[in-house]
Amino acid sequence: MTLNTFNSALKDGDFILLIDRKERQYLRRLTRGKVSEIRGVRIAHDEIVGQEPGFTLGDRAQFMVLRPRLIDYVILMKRGAQIIYPKDIGSILLWADVFPGATVIECGLGSGSLTLHLLRAVGKEGKVISYDRNRDFARTAIRNISDFMGAPENFIFKEQDAYLGIEEREVDRVIVDLPEPWSVVPHAALALATGGIWLSYSPNAQQSQQVVFALESSKSFCSLENFEVLQRFWTIQGPSLRPDHRMVAHTGFITVARKRK
């Protein structure tokens with residue numbers, strides 16, 4: 001899938017998002033000659049190929065057929081490691097100030113959810129270099145990336161342990177999603193250009209506290225910030241207006257710092 005085909009006719013090999021009348025979502029990949037079955041409904045892919053996104057499929061409009069957004073793909077794609085959720089990814093991109101043309105070191109590839117957003121943010125002129133020593137997780141992540149984006153030339157994977165070092169120098173951003181991000185701090189201090197940004201993502205408070213201690217002790221970083229992101233949806237149905245009974249509360253802490261001279 002490429003960005004410039006988002007609203008064009010659906011073709012063989014594209015991902016589609018099927019939404020039923022109860023707003024349940026299903027991710028499928030179009031394959032000529034294939035028939036998918038969803039909740040007892042048989043769906044012939046040949047009936048979808050060539051159509052434009054937004055049409056309804058089946059008797060009594062059983063499914064709306066759309067091209068998935070990146071956020072849809074990330075939530076529904078296959079996983080190896082736990083993903084970073086969209087509510088946190090948005091803040092990561094903003095607080096790390098990931099810009100077109102940036103060189104980003106990603107420590108911990110996970111299932112590729114953050115990587116996909118980083119690749120989109122840096123653009124063709126930028127570069128994302130991902131370190132991960134777990135071959136099985138990396139294999140799943142790389143497949144997820146290639147399924148959605150093809151084989152991006154600006155993505156480099158290194159089957160290496162970021163705890164042992166980062167080879168690159170004068171990079172713009174170092175983003176860490178590992179169990180012990182504090183172990184990467186000295187390597188990030190060497191890799192980042194002056195003014196570059198460190199950002200780490202940690203599930204629990206003790207991890208984020210230890211990261212802050214490591215950043216402060218290194219004397220290489222300043223402007224430390226630590227926060228979490230909470231997300232609550234609201235239901236609007238006619239005159240009814242209320243917050244949802246469930247919310248996406250804590251998922252992780254984001255720690256940001258700048259490389260000082």
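Trainee: In which order do the four strands of the open sheet lie?
Mentor: Let's start with the terms: strands (E, at least two residues) and helices (H or I, at least four) are DSSP runs, numbered from the N terminus. Two strands pair if DSSP finds at least two bridges between them. The pairing in this sheet is antiparallel, and the order is β2-β1-β6-β5.

Trainee: What does the twist average from one strand to the next?
Mentor: The edges of the sheet are β2 (25–29) and β5 (55–57), each pairing on one side only. Axes here are lines fitted to C-alpha atoms, for helices over the stretch in contact, with angles from 0 to 180 degrees between N-to-C directions. From one strand to the next, the twist averages 35 degrees.

Trainee: What kind of model is this?
Mentor: Residues are numbered from 1 along each chain as its sequence is written, and side-chain values use heavy atoms, leaving out hydrogens and water. Local features need pLDDT of at least 70, side-chain atom pairs count only at pLDDT 80 or more, totals for chains, interfaces and linings use all residues, and the model is predicted.

Trainee: Which residue in β6 stands opposite L18?
Mentor: Antiparallel pairing joins β1 (residues 15–20) to β6 (residues 63–66) over four bridges. Facing L18 is V65.

Trainee: Which residue in the turn of the β1 and β2 hairpin has a positive phi?
Mentor: The antiparallel strands β1 and β2 are joined by five bridges, and I19 has Q25 as its bridge partner in β2. Four residues lie between the two strands of the hairpin, and the one with a positive phi, about 70 degrees, is E23.

Trainee: Why is α2 called oblique to α3?
Mentor: The axes of α2 (residues 86–95) and α3 (residues 113–122) come within 10 Å and cross at roughly 40 degrees. Under 35 degrees counts as roughly parallel, over 145 as roughly antiparallel, 65 to 115 as roughly perpendicular and the rest as oblique. The crossing therefore makes α2 oblique to α3.

Trainee: How many nonpolar residues are in the contact of α2 with α3?
Mentor: Contact (heavy atoms within 4.5 Å) involves I89, I92 and L93 of α2 with S113, L114, H117, L118 and A121 of α3. Ala, Val, Leu, Ile, Met, Phe, Trp, Tyr, Cys and Pro count as nonpolar, Asp, Glu, Lys and Arg as charged, and the others, Gly among them, as polar. None of the contact residues is charged, two are polar, and the nonpolar ones number six.
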